[in-house]
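Please look at the sequence and the model below before reading on. The paragraphs that follow go through parts of the structure one at a time.

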Amino acid sequence: MQGKKVYQEKLFNSFSLSSRVPKDNFYRRLKELCNFNFLYGLTEEFYGSSGQKSIDPLVFFKLCLVGYLENIISDRKLISHCSMRLDIMYFLGYDIDEALPWHSTISRTRQLFPELIFEQVFTQVLKLCIEKGMVSGHTQTIDSAPVKANASMDTLELKVPEEDLEAHLQRVRVLSSKDKAQPHRNIKVDKSSKDQRTISANTKELSAITSRNQRWSKDQDQRPGAGNKGSKYTSNKTHYSPTDPDARISVKPGKARKLNYLSQLSVDTAHHVITDIKAYHADGKDNQQLQDIVKRLQRRLWQQGLLFENCVADTGYSSGENYAFLEGQGLKSFIPPHGTYKGGPTNFKYSESEDHYVCPQGKFIPFTKIFLDYRTKAKKKEYRARKHVCIDCPIRSTCLGKSAQEKKFSVTFYRAEYERNIARVNSKQGKYMKGKRQSTVEPVFGTLTQFMGLRKINTIGIKQANKVMHMSAIAYNLKKYLKFVQKDVKSVAGQLALLFLLKNVIGKTFLAELRAPK
């Protein structure tokens with residue numbers, strides 16, 4: 001006989017949410033294995049002693065965590081999604097007839113808590129991974145990736161000299177509209193400061209920007225994103241975003257220019273656990289941020305009783321200052337140098353004990369002074385031969401050129417540090433470390449950006465972006481933690497083998513002591 005299901009609302013019903021969520025459900029296991037009650041103590045100082053009760057801080061962090069676990073970056077969509085999932089409701093501590101917090105409450109609470117709170121939560125989760133044996137600490141791989149900011153290139157405004165700022169702000173809408181084929185997109189509020197609206201490029205830099213724009217109009221206007229409004233004139237030296245002043249224009253090869261933040265990530269090589277993450281301005285260079293990353297990473301690992309030994313990164317982090325810094329911290333660097341590094345002129349031999357170079361004709365080029373490069377501010381050493389040394393040289397024309405009278409060149413002050421790092425990079429261990437970096441930190445970044453809600457920052461400002469990145473890393477580490485726990489519980493055979501091995505070792509040691517002569 002054919003059945004037909006008829007739905008009818010019940011006036012009274014007996015329903016237990018915990019009985020409907022399976023024992024092996026991810027959120028049920030997460031609720032049972034991880035205790036987040038420490039959040040009450042961390043956030044207590046940010047609330048008053050009277051008035052209407054706010055959202056439970058535990059519920060707030062769990063809601064944010066669910067957003068990154070489910071790859072949802074919109075607070076409104078997050079609440080809608082959670083209300084339809086029994087397992088998530090159980091994880092949050094809500095029954096099926098309880099209404100979840102309003103989506104705007106999440107945004108306001110996120111702004112209420114400072115960056116330090118999110119970093120402390122990240123550290124607590126990392127501590128769980130360390131206690132479970134998932135983090136070795138000795139080898140850390142570092143990499144960076146741009147993350148799209150919550151701002152459009154269409155809203156970019158021109159910077160002006162400080163003395164013309166007030167007059168410019170009164171007419172900038174008209175000027176911007178004239179420069180673009182499409183109408184300028186108006187903004188509701190300009191969130192930038194006076195410094196951010198003031199031009200930061202000098203005359204030489206402005207001339208270079210003009211030259212790049214001229215080349216762009218001839219040979220680059222067909223690249224991806226070239227039709228985007230304002231793409232022709234964009235530069236961090238001449239433009240700013242009034243929507244999100246902390247966002248910076250950056251570009252990757254083959255990609256369109258975007259307003260981005262830069263995410264710096266450190267990953268332990270043992271089980272790919274994230275040990276550090278932070279948001280930086282996208283116009284900064286990786287080698288300028290390495291020392292800050294390493295100091296923070298060393299402090300965190302030391303507090304957990306782990307020893308940091310090897311620092312592995314790509315060429316973007318290469319600089320003599322960084323090599324010297326890492327050696328001063330007792331760390332081994334495995335960072336390939338830039339292709340421009342040569343250690344001196346071609347075919348010139350260096351004497352480390354005497355600190356001079358010997359040219360192909362056997363002439364000495366002595367050290368003369370230490371100076372700072374006016375462009376890069378890098379510390380360098382100058383070597384110069386006197387005029388009489390080169391005057392009768394048979395290769396003078398090819399070595400000195402047409403106008404020079406003496407051989408003069410500069411070399412990085414950190415030549416010895418460069419050479420030691422290059423020896424490590426080219427060693428057998430260095431090749432192994434390169435493979436470790438490619439198989440460790442790069443897949444982690446791919447997971448965060450594609451599956452953990454880090455494809456775009458849904459907040460405004462670098463402080464808020466830092467919170468987003470920490471929450472994404474927390475979600476990633478917790479997922480690794482639960483998988484590791486499951487494998488650990490199931491590997492009973494491995495535990496029995498370990499116990500059997502220990503029993504044999506202890507037994508042999510005991511017999512050896514009995515047989516030893518007294």
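Leaving aside its neighbours within four places in sequence, with which residues is Ile274 in contact? The contacts of Ile274 are Phe122, Leu126, Leu265, Ser266, Val267, Val444, Leu448, Ala473, Tyr476 and Asn477. These come from a predicted model, so a word on confidence belongs here, since pLDDT is the predictor's confidence in each residue. The mean pLDDT of the protein is 83, and 78% of its residues reach 70 or more. Over residues 171-184, however, the pLDDT is below 50, and this stretch has 19 contacts in the model beyond near neighbours in sequence.

Ile274 also belongs to the largest nonpolar core, which has 99 residues. It is listed there among the residues with the most contacts inside the core, together with Phe61, Leu63, Leu65, Leu265, Val294 and Leu448. Helix 18, residues 462-490, gives the most to this core, with 13 residues. A second, separate core has 10 residues, including Cys359, Cys390, Leu400 and Phe409.

In the strands, Ile274 stands opposite Val267 and lies in strand 6. Strand 6 covers residues 274-281 and is joined to strand 5 by 7 bridges, the two running antiparallel. The hairpin of strand 5 and strand 6 has 5 residues between the strands, and in it His272 takes a positive phi near 60°.

Strand 5 has further partners. With strand 1, residues 139-148, it pairs in the antiparallel sense over 9 bridges. One of the pairs is Ala145 with its bridge partner Ser263 in strand 5. Strand 4, residues 248-250, is joined to strand 5 by 3 bridges, and these two strands also run antiparallel. Here Arg248 stands opposite Asn260 of strand 5.

Why is strand 5 described as largely enclosed by the rest of the structure? Strand 5 spans residues 258-268, and 10 of its 11 residues are buried, so the rest of the structure largely encloses it. A residue counts as buried when its relative accessible area is under 20%.

Another part of the model is an open sheet. Its 5 strands follow the order 9-10-11-12-13, with antiparallel pairing. At the edges are strand 9 (349-351) and strand 13 (408-412), each of which pairs on one side only. On average, neighbouring strands of this sheet are turned by 35° against each other, direction ignored. Between strand 9 and strand 10, residues 356-358, there are 3 bridges, and the two run antiparallel. In this pair, Ser351 stands opposite His356 of strand 10.

Technical notes:
Residues numbered from 1 in each chain as written. Predicted model: local features only at pLDDT ≥ 70, side-chain atom pairs only at ≥ 80, totals over all residues. Heavy atoms only, no water. pLDDT = per-residue confidence, 0-100. Contact = heavy atoms within 4.5 Å. Buried < 20%, exposed > 50% of the residue type's maximum accessible area, 1.4 Å probe, protein only. Helix = DSSP H or I, 4+ residues; strand = E, 2+ residues; numbered from the N terminus. Pairing = 2+ DSSP bridges. Core = buried A, V, L, I, M, F, W, Y, C linked by side-chain atoms within 4.5 Å. Axes fitted to C-alpha atoms, helices over the stretch in contact; angles between N-to-C directions.
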